[in-house]
Amino acid sequence: GEMRELADKVQIRDDLAKSLADDLNAMPKSALRSSYTRRIVELVKSMHKQRKDIDAILADTQQIQKEIQTSSDTLNRSYGATDDMVYRDAKNKGDGASKKMYKL
């Protein structure tokens, strides 16, 4: 989604910066070198900002994955404890309702 789009934009900017740098090197030295240099610097700044944004998104994604894992672990432990309580109740009482509940 969004991370892929940002990564694609960074790649496009990288390619553009390389292309402009190649064009600059191929041009005669008397050409408007300063304007090309300024444009390249602007592109590099833009790429650094985009990379920073991507890193922030990746960090957020990792944090969310950790939170999901923690919640999943808590849920699994709660399920195990509840399952054990229902089993003990069915075993100790021995009535049909408790056994039926455990089978669910």
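# Chat about a three-helix chain

A: The protein chain averages a pLDDT of 85 (pLDDT is the predictor's confidence in each residue, from 0 to 100), and 90% of the residues score at least 70. This is a predicted model, where local features need pLDDT of at least 70 and side-chain atom pairs count only at pLDDT 80 or more, while totals for chains, interfaces and linings use all residues. Residues are numbered from 1 along each chain as its sequence is written, and side-chain values use heavy atoms, with hydrogens and water left out.

Q: Where is confidence lowest, and where is it highest?
A: Helix α3 (residues 96–103) is lowest, at a mean of 70, and α2 is highest, at 90.

Q: OK, how many helices and strands are there?
A: Three helices and zero strands. Those are DSSP runs numbered from the N terminus (helices are H or I, at least four residues; strands are E, at least two). From the N terminus on, the order is α-α-α.

Q: Is the chain compact or spread out?
A: Spread out: the radius of gyration is 30 Å, well over the 13 Å that the globule rule gives for 104 residues, so the chain is more spread out than a compact globule. That radius is taken over C-alpha atoms, and the rule is 2.2 Å times the number of residues to the power 0.38.

Q: What box do the C-alpha atoms fill?
A: Roughly 95 × 15 × 15 Å, taken along the principal axes.

Q: What does helix α2 reach from end to end?
A: Helix α2 covers residues 33–93, which is 61 residues, and reaches 89 Å from its first C-alpha to its last. That is close to the 90 Å expected at 1.5 Å a residue; the expected span is 1.5 Å times one less than the number of residues.

Q: And what should α1 span?
A: Helix α1 (residues 2–26) has 25 residues and should span 36 Å; its end C-alpha atoms are 36 Å apart, which agrees.

Q: Switching to burial, what share of the chain is buried?
A: Buried residues make up 13% of the 104 residues. Buried means under 20% relative accessible area, exposed over 50%, and partly exposed in between (1.4 Å probe, protein chains only).

Q: Which residues are buried in α1?
A: L6, V10, A17, L20 and L24. What covers the buried residues of α1 includes α2.

Q: And which ones in α2?
A: I40, L43, M47, Q50, I54, I57, V86 and A90.

Q: Why does Q50 count as buried?
A: Because its relative accessibility is 11%. Q50 lies in helix α2.

Q: What is Q50 in contact with?
A: Leaving aside its neighbours within four places in sequence, Q50 is in contact with K9, V10 and R13. Contact means heavy atoms within 4.5 Å. V10 is among the buried residues of α1.

Q: What about contacts across the whole chain: what share comes from residues 24 or more positions apart?
A: They account for 55% of the contacts with a separation of 6 or more.

Q: Next topic: how many salt bridges does the structure hold?
A: Six. A salt bridge is a side-chain nitrogen of Lys or Arg within 4 Å of a carboxyl oxygen of Asp or Glu.

Q: Which residue does D22 meet?
A: K18, at 3.2 Å, N to O. Both lie in helix α1, four residues apart, about one turn of the helix. D22 is partly exposed at 39% relative accessibility, whereas K18 is exposed, with a relative accessible area of 54%.

Q: And which residue pairs with R39?
A: R39 forms a salt bridge with E42, with the closest N and O atoms 3.4 Å apart. Being three residues apart in helix α2, they are separated by about one helical turn. R39 is partly exposed at 40%, and E42 is partly exposed with a relative accessible area of 40%.

Q: What about D84, which residue is its partner?
A: R88, with the closest N and O atoms 2.8 Å apart. The two lie in helix α2, four residues apart, about one turn of the helix. D84 counts as partly exposed at 37% relative accessibility, and R88 does too at 43%.
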